[in-house]
Amino acid sequence: MLLKEKLKQINFSPSESEVIRFLQANETTLADRTIQQIAATCYVHPSTLIRIAKKMGFHGWVDFRDAFIAETEYLQGNFQEVDANLPFSENEGIMTIANRIAALERMTIQDTLSLLMHDDLQQAKQLLLRANKIVLFSSDTNTLIAQSFKLKMNRIKQEVTIVPTSGESYYDAYNCQPENCAILISYTGENQMMLRTAEILKEKNVPILSLTSIGESSLSTASDVVLRLTTRERLYSKISSFTINTSISYLLDVLYSCVFAEHYRENLNYLIEVGQKVDTRQISSSIMKEELFTDSIEDGD
């Protein structure tokens with residue numbers, strides 16, 4: 001849940017509400033104002049701001065203010081050219097549509113990258129490297145996207161299985177072991193089947209890596225590591241889940257690439273060796289033409 005949404009759901013006192021109105025009206029200048037300045041402007045005691053922060057789940061005002069500013073900057077950045085929900089209108093030509101979808105995908109990847117933190121990605125990479133099997137739980141709509149990740153990982157001898165969320169997925173969760181790693185994908189982070197799956201995985205001491213939207217959610221709270229999806233789409237008043245799908249695909253490609261890079265030359269040599277034996281496609285394009293490799297790729301070659 002976004003902080004802006006959470007602010008609407010909490011019952012604040014009249015003096016606290018005055019501060020909230022000030023925050024909403026001065027989003028872009030909060031970083032330049034001290035707690036004393038804001039309190040004086042709103043005719044309240046500084047302790048009022050601290051109470052607001054604690055009601056929002058933060059230790060103090062500065063933590064809450066910084067998180068509020070970061071969320072505001074994220075929501076106001078990117079996606080200025082194209083609407084994530086309605087990227088084109090009914091009267092636009094096919095090449096205009098093509099350009100708008102291209103712009104949308106570029107912005108989605110840049111947006112997702114802006115949410116990607118080094119330490120979170122490093123932890124996610126280590127979870128995958130330590131796992132003897134990766135079990136990916138996703139809704140039916142995301143299962144096809146995950147298939148590409150499974151294929152690439154399996155080709156470098158990293159075992160990945162995909163479990164669509166259904167009643168049967170609970171059995172798969174109970175079958176997981178602590179030496180496995182579970183990847184859970186949920187845009188809202190509040191899918192009830194996914195949350196029940198997470199509960200079971202926690203009972204089994206299985207590490208959880210989740211891909212979900214920004215803000216606080218039940219799934220992010222239950223996870224060991226969280227990678228954030230671009231969060232721009234409404235649930236159903238949209239043309240398609242363009243940005244969600246692109247964001248998931250990008251993050252899974254990043255995870256695969258990080259695992260691949262850990263044993264870069266070993267994995268590359270293996271893919272080339274096996275590819276030469278199993279890929280018998282006939283091609284006419286010089287761009288696609290492969291040279292046969294008789295020796296492994298060595299450092300410095």
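With which side chain does the side chain of Ser 138 make a polar contact? Select Ser 138 in this predicted model, and display the side chain of Thr 143 beside it, since these two side chains make a polar contact at 3.2 Å.

**The whole chain**

Before staying with that residue, zoom out to the full chain, which has 13 helices and five strands and whose C-alpha trace spans about 80 × 55 × 45 Å along its principal axes. Of its 301 residues, 41% count as buried. If the contacts with a separation of 6 or more are taken together, residues 24 or more positions apart account for 70% of them.

**Strand S1 and Ser 138**

Return now to Ser 138, which lies in strand S1, covering residues 134-138, and which is buried, with a relative accessible area of 0%. Showing its surroundings, and leaving aside the neighbours within four places in sequence, you will find Ser 138 in contact with Thr 143, Ile 162, Val 163, Pro 164, Thr 165, Ile 185 and Met 194. Thr 143 in that set is the residue whose side chain makes the polar contact with the side chain of Ser 138.

**Strand S4 and Leu 209**

Next select Leu 209, placed in strand S4, residues 208-212, where a relative accessibility of 0% makes it count as buried. With its neighbours within four places in sequence set aside, Leu 209 is in contact with Ala 124, Leu 127, Leu 128, Ala 182, Ile 183, Leu 184, Val 225, Leu 227 and Leu 255. One of these, Leu 128, deserves a distance label: the C-alpha atoms of Leu 209 and Leu 128 are separated by 9.0 Å, although the two residues are 81 residues apart along the chain.

**The cysteines**

Then select the cysteine sulfurs. How many disulfides are there, counting pairs of cysteine sulfur atoms within 2.5 Å? The count comes to zero disulfides. Cys 181 is in no disulfide, and the nearest cysteine sulfur to its own, that of Cys 176, is 9.5 Å away. Cys 181 is buried, with a relative accessible area of 0%, and Cys 42 is also buried, with a relative accessible area of 7%.

**Two loop residues with positive phi**

From Cys 42 step along to Tyr 43, found in the loop between helix H3 (35-42) and helix H4 (46-55). Tyr 43 is not a glycine, yet it has a positive phi of about 60°, and with a relative accessible area of 77% it is exposed. A second residue to inspect in this way is Lys 157, in the loop between helix H8 (140-155) and strand S2 (160-164). The phi of Lys 157 is near 65°, a positive value in a residue other than glycine, and at 57% relative accessibility Lys 157 counts as exposed.

**The loop before H3**

Move to Ala 31, whose place is in the loop between helix H2 (14-25) and H3. Is Ala 31 buried or exposed? With a relative accessible area of 53%, Ala 31 is exposed. Draw a C-alpha to C-alpha line from Ala 31 to Asp 66, and the separation reads 7.8 Å in space for two residues that are 35 residues apart in sequence.

**Helices H12 and H13**

Finish by colouring helix H12 (residues 242-262) and helix H13 (residues 264-278), which pack at an angle of about 100° with their axes 5 Å apart. Angles of 65 to 115 degrees count as roughly perpendicular, and H12 and H13 are therefore roughly perpendicular to each other. To see the contact itself, show Tyr 256, Val 259, Phe 260, Ala 261 and Glu 262 of H12 together with Tyr 264, Asn 267, Leu 268 and Leu 271 of H13. By class, this contact has seven nonpolar, one polar and one charged residues.

Within H12, select Ser 249, which counts as partly exposed at 30% relative accessibility. The C-alpha atoms of Ser 249 and Val 259 are separated by 16 Å, the two being ten residues apart along the chain. In H13, the residue to pick is Gly 275, which is partly exposed, with a relative accessible area of 26%. As a last distance, take Gly 275 and Lys 125, which are 150 residues apart in sequence and, C-alpha to C-alpha, 26 Å apart in space.

Key:
Residues are numbered from 1 along each chain as its sequence is written. Side-chain values use heavy atoms; hydrogens and water are left out. Helices (H or I, at least four residues) and strands (E, at least two) are DSSP runs, numbered from the N terminus. Buried means under 20% relative accessible area, exposed over 50%, partly exposed in between (1.4 Å probe, protein chains only). A polar contact is a pair of N or O atoms within 3.5 Å; within protein, one must be able to donate a hydrogen and the other to accept it, and residues adjacent in sequence count only if both atoms are side-chain atoms. Contact means heavy atoms within 4.5 Å. A disulfide is a pair of cysteine sulfur atoms within 2.5 Å. Axes are lines fitted to C-alpha atoms, for helices over the stretch in contact, and angles run from 0 to 180 degrees between N-to-C directions. Angles under 35 degrees count as roughly parallel, over 145 as roughly antiparallel, 65 to 115 as roughly perpendicular and the rest as oblique. Ala, Val, Leu, Ile, Met, Phe, Trp, Tyr, Cys and Pro count as nonpolar, Asp, Glu, Lys and Arg as charged, and the others, Gly among them, as polar.
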